[in-house]
Amino acid sequence: MFARRAVNQTVGRQEKVAAKIGAQQTSEVLRERALNAPNNVQGARNKQMAVTPLKGQTKTAMHQVLKEVAPTVTTYDKKTTRDAVPDVLQQALPVSLDVEMTEEPTETFDDTYAPEIHCYLQIIEPKCCPSSTFLADGEVTASNRNVLVAWMREVQEFLKIGQETFHLALTITDLATQEGSVKLGEYQLLGLVSFLIAAKYLERYVPQIDTLLYLASYAYDYQTILSKEKEVLRVLDYDLNLPTPAWFLEYYTRDEESLKIHQLAALFLDLFALDLESTTELPLSSRAASALMTANQLIARPTSLWQRDLVSKSGYSADSLQPANRKLRGLITGLHEKQRCSLEQTIVDMLSTSPSS
């Protein structure tokens, strides 16, 4: 979570600095040519005044230079920024601008402080788990919550946003439900607003409110969304520094070679989210470690390839994860005994193709 935001912020700052430097140097070249133009009668005196707004003959000289270079700029469909700049300015451009315009910044993960961040998030993770009685006194029941969680996951798939955003939205929903009385008629609205807040916090591109209203079948209006967003933020005291099990799973599987194991473990995290008892009793990091361990075991992967690394990163021994493992296996077994939502059907389909099934 923190690593991704740091990468996005760093890339954004680098792009802004490069653009600013390029604009400044281009402007300086144009001004220099205008001041040295033949029809500039003020000579060296105007060179010292280049930082002031251009007036009179100097301004006329600037326009003359622009007319000279403008015909050379035909189209901007070339590969690089340097190709799209007139030859008269080529020498002044910094080398750093000679990059492909269509090339996206490459996100790199720096694990230098990852162990320290992991320890810190394990310390604060208890605040993300609601109490076991947070649904006891309100109108919302565990069954209502299961329906909302399944719907929120479908929203995540429709919007194609990250799993961490989904789990942060779910955490916001549970904590807001615990801190304030939520009426059953506003429960879906709370889930929708939680998605909006989580996306603003974690995603590079935030879904439009109109899209969220469409997903809710226009049961609410624009102003209602904004008012509820302010209310939820006040209830949370504007504290969105909330770890998620998805962050822990990403850290534990950073060097994981098997994509199928990562996908299956991620599905197990979502399965944990559907279970109210797991949400209130199991720490986030233990859910992530248990999901990864169970996925490796069900795929029948040799323990020598994953167990030591998982224990080292998570701090959990195989014995300490047994309660979470038993709970998860019970949830998996229960998938065959009831009508399943799309998430549960996906898990069943993946397990049916596993070597151990």
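This passage describes salt bridges and the surroundings of one threonine in a predicted model.

A search of the whole structure finds nine salt bridges, and several of these are considered here in turn. Side chains of opposite charge can pair when their charged atoms come close. Within helix α5, which spans residues 142–159, E157 and R153 are placed four residues apart, about one turn of the helix, and their side chains meet in a salt bridge with an N to O distance of 2.4 Å. The two partners differ in their exposure, for E157 is partly exposed at 42% relative accessibility, whereas R153, at 9%, counts as buried, since the limit for a buried residue is under 20% relative accessible area.

R153 also takes part in a second salt bridge, in which its side chain meets that of D270 at 2.8 Å, N to O. Because R153 lies in helix α5 and D270 in helix α11, this pair ties together parts that are 117 residues apart in sequence. Both R153 and D270 are buried. Taken together, R153, E157 and D270 are linked in a network of salt bridges.

A further salt bridge is formed by E277 with K327, the closest N and O atoms of the pair being 3.1 Å apart. This pair, too, links distant parts of the chain, with E277 in helix α12 (residues 276–281) and K327 in helix α15 (residues 322–334), at a separation of 50 residues. E277 has a relative accessible area of 41% and is therefore partly exposed, and K327, at 24% relative accessibility, likewise counts as partly exposed; the values for this class lie between 20% and 50%.

Attention then turns to a residue outside the helices. T253 is located in the loop between α10 (245–252) and α11 (259–274), and, with a relative accessible area of 8%, T253 is buried. A polar atom of the T253 side chain lies 2.7 Å from the backbone oxygen of L249, while the side chain of T253 also makes a polar contact, at 3.4 Å, with the side chain of H262. When neighbours within four places in sequence are left aside, T253 is in contact with H262 and L292, so that H262 appears both as a polar partner of the T253 side chain and among the contacts of T253 beyond its sequence neighbours, contact being defined by heavy atoms within 4.5 Å.

Terms used:
Residues are numbered from 1 along each chain as its sequence is written. This is a predicted model: local features need pLDDT of at least 70, side-chain atom pairs count only at pLDDT 80 or more; totals for chains, interfaces and linings use all residues. Side-chain values use heavy atoms; hydrogens and water are left out. Helices (H or I, at least four residues) and strands (E, at least two) are DSSP runs, numbered from the N terminus. Buried means under 20% relative accessible area, exposed over 50%, partly exposed in between (1.4 Å probe, protein chains only). A polar contact is a pair of N or O atoms within 3.5 Å; within protein, one must be able to donate a hydrogen and the other to accept it, and residues adjacent in sequence count only if both atoms are side-chain atoms. A salt bridge is a side-chain nitrogen of Lys or Arg within 4 Å of a carboxyl oxygen of Asp or Glu.
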